[in-house]
Amino acid sequence: MNVTIDAVNEFAEYFWKVAGNQKVFAFFGEMGAGKTTLITALCKAKGVTDPIGSPTFSIINQYQYHEGDQAKTIYHIDLYRLKDEEEIIQAGVEDCIYSGAICMVEWPQKAPELFDENTVQVKIEAIDATNRRVNILLPSNTMKEQS
Ligand SMILES: Nc1ncnc2c1ncn2[C@@H]1O[C@H](COP(=O)(O)OP(=O)(O)OP(=O)(O)O)[C@@H](O)[C@H]1O
Ligand SMILES: [Mg+2]
């Protein structure tokens, strides 16, 4: 599906309709493809009011949102700077992924072993300055591919 920068928030609403109750999301795409931008929109669509930024240096960012009167957590993780699986586990990434909270991961290919068949794969590709092609690949036990 084609997503323009102006429509990214609207796309985020659609995304959550499609992704429903999924928890673990792996965002694939080159540097500058728009992973952080899309994740920011997805967090805002969930009602996150914390400042959302790239966790490139912190590795794991944690945001809060509310579902009814329940406080919930979203983890936003960037594996780009981590060297190997040991460093990734040391940083607490595995704990986030299995926490049951929503977990959105940039550069998941750094630790492919951490992602099981329940992971939603989101693929982002730059078309031009403002257009991105976004594919959402849901786990096969839920629904068909959206593209
Ligand atoms: N349709 C779009 N969706 C998302 N980002 C877009 C879009 N059009 C343009 N952009 C721009 O592309 C850039 C994407 O940067 P962003 O930090 O989101 O990429 P990234 O994939 O997270 O990169 P990195 O791998 O370095 O973390 C931003 O400057 C953003 O404004
Ligand atoms: Mg990023």
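**Close-up 1. His76, a buried histidine in strand 4.** In this predicted model, His76 counts as buried, because its relative accessibility is 0% and the limit for burial is under 20%. Look for His76 in strand 4, which covers residues 70-78. The side chain of His76 meets that of Tyr63 in a polar contact of 2.9 Å. Leaving aside residues up to four places away in sequence, His76 also touches a list of residues that includes Ile39, Ile52, Gly53, Pro55 and Met104. Two further names on that list, Thr36 and Glu106, return in the next view.

**Close-up 2. The magnesium ion and its protein donors.** Here the magnesium ion is ligand 2, and the protein offers it two atoms to find: OG1 of Thr36 and an OE atom of Glu106. These donors lie 2.0 to 2.2 Å from the ion. The two residues come from distant parts of the chain, 70 residues apart: Thr36 belongs to helix 2 (residues 35-45), while Glu106 belongs to strand 5 (residues 102-106). Is Glu106 buried or exposed? Glu106 is buried, because its relative accessible area is 3%, and burial means under 20%.

**Close-up 3. Ligand 1 and the residues around it.** Sixteen is the number to keep in mind here, as there are 16 residues around ligand 1. Those that come nearest are Val3, Lys35, Thr36, Thr37 and Arg132. Several polar atoms are worth picking out one by one. Lys35 places a polar side-chain atom 2.7 Å from an oxygen atom of ligand 1. For Trp107, a polar side-chain atom lies 3.0 Å from an oxygen atom of the ligand. Ala33 takes part through its backbone, with a polar atom 3.3 Å from an oxygen atom of ligand 1.

**Close-up 4. Helix 2, from its buried residues to the glycine that follows.** Which residues of helix 2 are buried? They are Lys35, Leu38, Ile39, Thr40, Ala41, Leu42 and Cys43. Ala45 is also part of helix 2, but Ala45 is partly exposed, because its relative accessible area of 26% falls between 20% and 50%. Apart from residues up to four places away in sequence, Ala45 touches Ala12, Glu13 and Trp16. To get a feeling for scale, compare Ala45 with Ser99: they are 54 residues apart in sequence, and their C-alpha atoms are 21 Å apart in space. Just after helix 2 comes Gly47, whose phi is positive, at about 95 degrees.

**Close-up 5. A cluster of aromatic rings.** The whole structure holds six aromatic pairs. Phe15 and Trp16 form an edge-to-face pair, because their planes meet at 80 degrees, with the ring centres 5.4 Å apart. Phe15 also pairs with Phe25, this time in a tilted arrangement, with 5.6 Å from centre to centre and 45 degrees between the planes. This second pair links distant parts of the chain, ten residues apart, as Phe15 sits in helix 1 (residues 8-19) and Phe25 in strand 2 (residues 24-28). Phe15 and Phe25 are both buried, and Trp16 is buried too. Stepping back, ring pairs join Phe11, Tyr14, Phe15, Trp16 and Phe25 into a cluster.

**Close-up 6. Two lysines over aromatic faces.** Which lysine lies over the face of Trp16? Lys46 does, at 4.4 Å from the ring centre. Elsewhere, Lys110 lies over the face of Tyr80, at 5.7 Å from the ring centre.

**Close-up 7. Val105, a buried valine in strand 5.** Val105 is found in strand 5, and Val105 is buried because its relative accessible area is 0%, with burial meaning under 20%. Beyond residues up to four places away in sequence, Val105 touches Phe25, Ala26, Phe27, Ile77, Leu79 and Phe115. Val122 is 17 residues away along the chain, and the C-alpha atoms of Val105 and Val122 are separated by 9.9 Å.

**Close-up 8. Glu117, an exposed residue in a loop.** The last view visits the loop between strand 5 and strand 6 (120-126), where Glu117 is placed. Glu117 is exposed, because its relative accessible area is 60%, over the 50% limit. From C-alpha to C-alpha, Glu117 and Ser140 are 7.9 Å apart in space, while in sequence they are 23 residues apart.

Technical notes: Residues are numbered from 1 along each chain as its sequence is written. Chains are lettered from A and ligands numbered from 1 in the order in which they are written. Side-chain values use heavy atoms; hydrogens and water are left out. Donors are N, O and S atoms within 2.8 Å of the metal (3.2 Å for Na, K and Ca); water is not among the atoms, so sites may look incomplete. Helices (H or I, at least four residues) and strands (E, at least two) are DSSP runs, numbered from the N terminus. Buried means under 20% relative accessible area, exposed over 50%, partly exposed in between (1.4 Å probe, protein chains only). A polar contact is a pair of N or O atoms within 3.5 Å; within protein, one must be able to donate a hydrogen and the other to accept it, and residues adjacent in sequence count only if both atoms are side-chain atoms. Contact means heavy atoms within 4.5 Å. Rings of Phe, Tyr and Trp (its six-membered ring) pair if their centres lie within 6.5 Å; planes under 30 degrees apart count as stacked, over 60 as edge-to-face and the rest as tilted. A charge sits over a ring if NZ of Lys or CZ of Arg is within 6 Å of the ring centre and within 35 degrees of the ring normal. A residue is near a molecule or strand if one of its heavy atoms lies within 4 Å of it.
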